[in-house]
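This report describes the secondary structure, strand pairing and chain contact of a two-chain model. The aim is to give a careful reading that can be followed alongside the displayed coordinates.

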Amino acid sequence: MLIKRASDIASSEITPENLYHNRREFIKTASAVLGIAAAGAILPACTNSAVSGMTQSKPKGKYDTDEKPTPYEDVTHYNNYYEFGIDKADPAANSGKFKPTPWTVSVEGMVKKPASYSLDDLLKGLTPEERVYRMRCVEAWSMVIPWTGVPLAALIAKLEPTPAAKYVEFKTIMRPDEMPGQRPSIFGSGLHWPYTEGLRMDEAMNPLALLVTGVYGKPALAQNGAPMRLVTPWKYGFKGVKSIVKIRFTDKQPLTAWNEAAPQEYGFFANVNPQVDHPRWSQASERRIGEFYKRRTLMFNGYADQVAQMYSGMDLRKSY
Amino acid sequence: MPKFNRWWIFKPAVFVVCLVPMAWLVWDIFAGNLSANPIEDIRNRTGIWTLRFLMITLSVTPLRRIIGWSSLIRFRRMLGLFAFFYAFVHFITYIWLDQAFAWDEIVKDMISKRPFILSGVASFVLLIPLAITSTKKWIGRLGGKRWQMIHRLIYLSAGLGVLHYYWRVKLDIARPLAYGAVLAVLLGLRVTVAAVYDRRPVGAHRAPLQ
């Protein structure tokens with residue numbers, strides 16, 4: 001399904017794909033002149049060339065960052081979506097067979113109306129919004145992505161969970177025929193399928209939590225989690241479960257995919273936190289895709305004002 | 001059995017072949033074929049080629065003894081130096097492109113509880129004395145036995161390299177484990193073949209197994 005605002009911006013306006021190509025062009029030209037030793041000097045320059053070309057045709061929303069969005073080409077060709085393979089280029093390359101329509105989402109557990117909905121019915125009556133969010137991967141790289149989606153809180157309000165529900169659990173679709181990464185293989189990801197994620201109810205009700213159906217004003221592509229995925233920008237990217245087919249309300253903390261596979265490395269909360277390192281690498285800084293120098297990672301990925309109060313009194317070293 | 005009698009022709013050819021992964025990488029950099037995170041790509045590719053060249057270098061001795069291609073020894077130093085070359089580029093990529101000479105971050109990476117960076121740095125550092133003492137002059141200076149002892153450090157370096165790779169991936173450990181298995185086989189062969197051959201007189205080394 002396609003959710004569009006009346007005043008949809010053509011993606012070419014936001015992401016100057018021509019500038020993206022210019023960047024590559026620039027690398028070629030500059031490097032021919034300066035030689036390989038100049039590579040370090042070239043990369044930061046490309047970033048600047050893209051910045052100057054940005055046009056912002058939409059007024060900045062309450063939750064939008066005004067940072068430069070990552071080019072669409074990069075947002076759609078540098079992905080972690082292990083159901084399509086473990087390399088970053090795999091999701092774009094291996095998702096050709098994936099069919100995002102028709103789509104059914106099953107709503108289960110502690111909810112007034114447990115039922116199966118077509119995606120259209122599920123989102124009916126909810127107003128899609130465009131939000132430009134930072135996205136910080138647990139692997140210490142980041143992007144800025146213009147998403148289109150509905151606030152998760154609005155959907156939850158519509159579904160009416162019972163007061164006993166403390167958590168909401170999401171599951172990705174299981175389709176080994178269309179998702180080669182779900183087939184058994186020793187060179188696989190090591191995760192158990194279907195991919196499971198979850199949020200505490202107050203996290204799910206936070207206005208930042210978005211159920212995304214579009215990227216850059218276009219319907220989301222398979223590699224970005226079509227037709228509907230979760231986006232929680234204050235958490236590491238792996239919390240953003242993709243191609244959701246199951247939403248379950250429960251009173252127990254869900255066993256999430258990465259937490260199950262490596263509990264000492266990936267917690268249930270997975271809040272972006274520069275002070276709590278991954279056991280094997282630092283989380284203090286990150287590389288913004290397209291930039292040369294690393295930048296400091298911000299607490300809650302820069303969304304502390306919106307989310308920090310949910311974790312007051314919690315030891316974030318223990319609840320990582 | 002190829003004798004590589006004209007090894008002075010083969011040597012430049014092997015040299016050029018060993019440069020292909022580097023040339024291919026440089027091509028991809030400037031043709032814009034790398035991903036949205038080119039520094040990560042450069043890091044990954046130079047790292048994996050370091051491991052591959054270490055394995056290739058380590059397979060020379062077992063191959064010449066099992067298959068009987070004694071002349072292969074003529075390429076061993078060059079292959080080892082290429083392993084060092086790729087390790088050096090990999091190391092510089094980390095120091096320069098990845099960390100941009102942020103020494104405080106680099107030191108933190110190494111001495112904190114994370115062994116991932118430390119194992120990689122140790123693997124590289126161990127190769128430095130081997131590269132320096134790879135000349136005939138140094139073999140003479142150290143004496144064959146002692147030189148050989150020192151150069152067995154390559155197994156330690158390769159082991160640390162595999163460990164570094166193992167710690168780098170998330171849960172997809174099959175590829176690092178495959179490199180570990182290859183290294184284990186090479187080390188196993190080295191030990192068993194050495195047990196059979198190293199006691200024999202020099203001339204016997206030329207004979208193929210069986």
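The text below takes up the two chains in turn and then the contact between them.

The structure is a predicted model, and local features are described where pLDDT is at least 70. Chain A holds 10 helices and 12 strands, whereas chain B holds nine helices and zero strands, so that the order of elements in chain B, read from the N terminus, is α-α-α-α-α-α-α-α-α. The table sets the two chains side by side.

| Chain | Helices and strands | Buried residues |
|---|---|---|
| Chain A | 10 helices, 12 strands | 46% of 320 residues |
| Chain B | nine helices, zero strands | 24% of 210 residues |

Sequence-distant contacts are prominent in the counts for both chains: of the contacts in chain A with a separation of 6 or more, 70% are between residues 24 or more positions apart, and in chain B residues at least 24 apart make up 68% of the contacts between residues at least 6 apart in sequence.

**An open sheet in chain A**

Five strands of chain A are arranged as an open sheet in the order β2-β1-β10-β5-β6, with mixed pairing. The edges are taken by β2 (115-118) and β6 (196-200) of chain A, and because each has a single partner strand, one side of each is left without a neighbour in the sheet. From one strand to the next, the twist averages 20°. Within this sheet, β1 (residues 104-109) and β10 (residues 244-250) of chain A run parallel and are joined by four bridges, and A:Ser106 has A:Lys246 of β10(A) opposite it.

**Strand β7 and its partners**

How many of the residues of strand β7 (residues 210-215) of chain A are buried? Six of its six residues are buried, and the strand is accordingly described as mostly covered. Three pairings involving β7(A) can be followed, each of them antiparallel. With β4 (residues 141-151) of chain A, β7(A) pairs over five bridges, and here A:Gly214 in β7(A) stands opposite A:Thr148. With β9 (residues 229-231) of chain A, β7(A) pairs over three bridges, and A:Arg229 in β9(A) is the bridge partner of A:Val212. With β8 (residues 218-219) of chain A, β7(A) is joined by two bridges, and A:Lys218 in β8(A) is the bridge partner of A:Val215. β7(A) and β8(A) form a hairpin that has two residues between the strands, and A:Tyr216 in the turn takes a positive phi of about 60°.

**Helix α3 of chain B**

Helix α3(B) comprises 26 residues and spans 36 Å from its first C-alpha to its last, which is close to the 38 Å expected at 1.5 Å a residue. Buried positions in α3(B) include the aromatic residues B:Phe75, B:Phe82, B:Phe84, B:Tyr86 and B:Tyr94, and B:Leu79, B:Gly80 and B:His90 are also among them. Just after α3(B), B:Ala100 has a positive phi of about 50°.

**The contact between the chains**

Chain A contributes 29 residues to the contact and chain B contributes 20 residues. On the chain B side, α1 (7-30), α3 (73-98), α4 (103-111) and α9 (174-197) each supply at least two residues, and the largest share, three residues, comes from α1(B). The residues of chain B that touch chain A divide into 12 nonpolar, three polar and five charged.

Definitions and conventions:
Residues numbered from 1 in each chain as written. Chains lettered and ligands numbered in written order. Predicted model: local features only at pLDDT ≥ 70, side-chain atom pairs only at ≥ 80, totals over all residues. Buried ≥ 20, exposed ≤ 12 C-beta atoms within 10 Å, placed from the backbone. Contact = placed C-beta atoms within 7 Å. Pairing = 2+ DSSP bridges. Nonpolar A, V, L, I, M, F, W, Y, C, P; charged D, E, K, R; others polar. Expected span 1.5 Å × (residues − 1). Axes fitted to C-alpha atoms, helices over the stretch in contact; angles between N-to-C directions.
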